[in-house]
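These are my notebook entries on a structure that I had not examined before. I set out to look up its charged pairs and the surroundings of its ligands.

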Amino acid sequence: MNRYEEKLKKSPRPKYPFDEAKYDWLPILLDTYHIVDIGISIELPEEEKRRGAKTACHEGCSNCCLNPIVPITPLELSGISWYASEKLMGDLRTTLKKQLLNHTKTSSCPFLVDALCAIYPLRPLACRQFFVFNKPCGWKEDISKTRPHDAWTHSRSIARRAAIAMLPFYSIKKREEQIKAFENGYIAEIAKPMHRFPWEQIYKIMLAFDH
Ligand code: SF4
Ligand code: SF4
């Protein structure tokens, strides 16, 4: 057993038994996120050691959320819809509904509330797996163009594990087909930029759960 598998075994993922029994796609999504989170928890400290510096990413640092180029897949969208409509309560729910209703294709991410992510436990893969070194991103800075050497993500082996966990949702169940789909960039192909999604649809789902 390698260090990744050891840590995965020792760190059970968050569970939502009632909801996981209700939605068969939910365990697939939660497993995928857990694989990436565990991978990051192992590899990011190693990268920080290698660079001799901590990542510039920290709580409340949110310029990346103002640049709505985050890619999102159908499975991740189901997770966001579920979490927003069935788990969020109180003022956060009220504010989020307003933001979803008023969102435009040029707005920042509709889930950014008071500089924090309202759907943090169910935030998309892209929001979990990219980190920046040296200094935080500037206003609407596209780090891939301005300073790609400061951007970091986990290894390809973590990406492969995450893709394999996710692919049964898309009816790709055989291991050899999963490897092929991963190698051919299937997940990136089905992802769409978040800002293109008509977020008022999630607002309507939230409204239906209010009644
Ligand atoms: S990606 Fe950039 S803006 Fe986002 S948390 Fe990291 S440093 Fe801050
Ligand atoms: S989902 Fe959350 S972390 Fe991702 S861009 Fe939106 S507010 Fe930021």
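Entry 1, salt bridges. I count a salt bridge where a side-chain nitrogen of Lys or Arg lies within 4 Å of a carboxyl oxygen of Asp or Glu. By this rule I found R13, E20 and D31 linked in a network. My search of the whole structure returned 16 salt bridges. As background, I note that side chains of opposite charge can pair when their charged atoms come close.

Entry 2, basis of the values. I record that the model is predicted, that local features need pLDDT of at least 70 and side-chain atom pairs pLDDT 80 or more, while totals for chains, interfaces and linings use all residues. Residues are numbered from 1 along each chain as its sequence is written, chains are lettered from A and ligands numbered from 1 in the order in which they are written, and side-chain values use heavy atoms, with hydrogens and water left out.

Entry 3, E46 and R3. I looked up this salt bridge and noted 2.1 Å between the closest N and O atoms. The pair links distant parts of the chain, with E46 in helix α3 (residues 26-51) and R3 in helix α1 (residues 3-10), 43 residues apart. Helices here are DSSP runs of H or I with at least four residues, numbered from the N terminus. For exposure I use relative accessible area: buried is under 20%, exposed over 50%, and partly exposed in between (1.4 Å probe, protein chains only). E46 is partly exposed at 38%, and R3 is partly exposed at 47%.

Entry 4, D210 and K97. The closest N and O atoms of this salt bridge are 2.4 Å apart. I placed D210 in helix α12 (residues 200-210) and K97 in helix α6 (residues 90-102), distant parts of the chain 113 residues apart. D210 is partly exposed at 33%, whereas K97 is buried at 15%.

Entry 5, D142 and K145. I noted 3.2 Å between the closest N and O atoms of this salt bridge. K145 counts as exposed at 67%, and D142 as partly exposed at 21%.

Entry 6, ligands. Which residues are around ligand 1? Taking those with a heavy atom within 4 Å, I listed C57, C61, N63, C64, V132, P136 and C137. Around ligand 2 I listed C65, V70, C109, F111, L112, C117, I119, P124 and C127.

Notes. Helix = DSSP H or I, 4+ residues; strand = E, 2+ residues; numbered from the N terminus.
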